[in-house]
Amino acid sequence: MLRFALRRLLVAVGVALTVSMASFLLLHLSGDLATAIAGPEATGEQVAAIRAQHGLDQPLVVQFGSWGWHALHLDFGRSFYFPEQVTDLLAARLPVTLTLGVIALAVALLVAIPLGVLAAFHRDTWIDRTALAVSVLGQAMPSFWFGLTLILIFSVNLRWLPVSGNATWKHFILPAVALGYYAMPAVMRVTRNGMLEVLSSDYVRTARAKGLPPRKILIRHALRNAVIPVIALAAVQFGFMLGGSIVIEAVFSLQGLGQLAWESIARNDFPVVQAIVLVLAMIYIALTLAADLLNALLDPRLRA
């Protein structure tokens, strides 16, 4: 297990380094950052002064080394637009995005796992077909359109829930449902396929032959083994939801990292965009690593 963990950790470090280099290069190769900061009406002297002020006149290797060293110490510099440090901006906005992601993941798991179990247990019936139809609909429906529909129904017409903001827990209900519904189809399909495989295994047939109640077979023997792939998928989906929260936060005006990224891209605030990409990538890599280790702990066969 220790060797497996070290091997996965080395892979995670390599991926983190690659992502940081790629995000740095893409931002710096997208155009002249000094010109974007100075504006279209700036003179050549002003652009040159801004380039020297932010170290943009140095080679890319030197810039990346300096940025990477400061990033290791959680120093992402100062925002070009907001009058504060990038670290302070991230610290203020990250809890909102994490709260939204956790609630959305809980909604997805609480709906998708029972739905997948029912679809597998009642294979080729109307229950199975209904679950698959819900899965296909969730995969095809744009999250922003679903979010606007939820606002129209539950906020504008019924007036049950607030439209926007993040002041209370009620403000997270509609965004979490909109974001969780996007992740639900993949979890439901993996649960259904895992249950179908487990229900056709020898030890389940033996349990049935012994006369065990179907509910006991389903929960104690089948579900416990079928949810192992769901653990890894849940970590991946949580990372996707954190990245995909940009659209949902914009629709519901949640002041999280997604909204901050949207504002920073529109205002050419490159230090903030670069820091958000790096932080979300690190969270995604850490979640994937934790899921791999947990899967290997639950199923020793994966260690090979």
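Colleague: Where does histidine 171 lie?

Modeller: In the loop between α7 (143-157) and α8. The helices here are DSSP runs (H or I, at least four residues), numbered from the N terminus. Keep in mind that this is a predicted model: local features need pLDDT of at least 70, side-chain atom pairs count only at pLDDT 80 or more, and totals for chains, interfaces and linings use all residues. Residues are numbered from 1 along each chain as its sequence is written, and side-chain values use heavy atoms, with hydrogens and water left out.

Colleague: Why is histidine 171 called buried?

Modeller: Buried means under 20% relative accessible area, exposed means over 50%, and partly exposed is in between (1.4 Å probe, protein chains only). Histidine 171 has 16%, so it counts as buried.

Colleague: What makes histidine 171 and threonine 168 a polar contact?

Modeller: You need a pair of N or O atoms within 3.5 Å; within protein, one must be able to donate a hydrogen and the other to accept it, and residues adjacent in sequence count only if both atoms are side-chain atoms. The side chains of histidine 171 and threonine 168 are joined at 2.9 Å, so the pair passes.

Colleague: Leaving aside neighbours within four places in sequence, which residues is histidine 171 in contact with?

Modeller: Pro162, Ser164, Gly165, Asn166 and Leu254, where contact means heavy atoms within 4.5 Å.

Colleague: And threonine 18, why does that count as exposed?

Modeller: Threonine 18 sits in helix α1 and has 51% relative accessibility, so exposed is the word for it. Its side chain also has a polar atom 2.8 Å from the backbone oxygen of glycine 14.

Colleague: What makes aspartate 128 and arginine 192 a salt bridge?

Modeller: The rule asks for a side-chain nitrogen of Lys or Arg within 4 Å of a carboxyl oxygen of Asp or Glu. In this pair the closest N and O atoms are 2.8 Å apart, so the rule is met. The partners come from distant parts of the chain, 64 residues apart: aspartate 128 from helix α6 (residues 126-140) and arginine 192 from helix α8 (residues 173-199).

Colleague: How do you know that aspartate 128 is buried?

Modeller: Its relative accessible area is 2%, so buried it is. Arginine 192, at 12%, is buried too.

Colleague: How many salt bridges does a search of the whole structure find?

Modeller: Two. Besides the pair we just discussed, glutamate 263 forms one with arginine 93, with 3.8 Å between the closest N and O atoms. Glutamate 263 belongs to helix α12 (residues 257-266) and arginine 93 to helix α5 (residues 86-121), 170 residues apart. Both glutamate 263 and arginine 93 are buried.

Colleague: How many salt bridges cross the interface of domain 1 and domain 2?

Modeller: Zero by that rule, and zero residue pairs in polar contact either, with both residues required at pLDDT 80 or more. The domains are 1 (1-55) and 2 (93-302), with bounds from an automatic or database domain assignment.

Colleague: What do domain 1 and domain 2 bury between them?

Modeller: About 1,300 Å², 84% of it on carbon and sulfur atoms. That is the accessible area (1.4 Å probe) that two parts lose on being put together, summed over both. On the side of domain 1 that touches domain 2, α1 gives the largest share, 13 residues.

Conventions:
Helix = DSSP H or I, 4+ residues; strand = E, 2+ residues; numbered from the N terminus.
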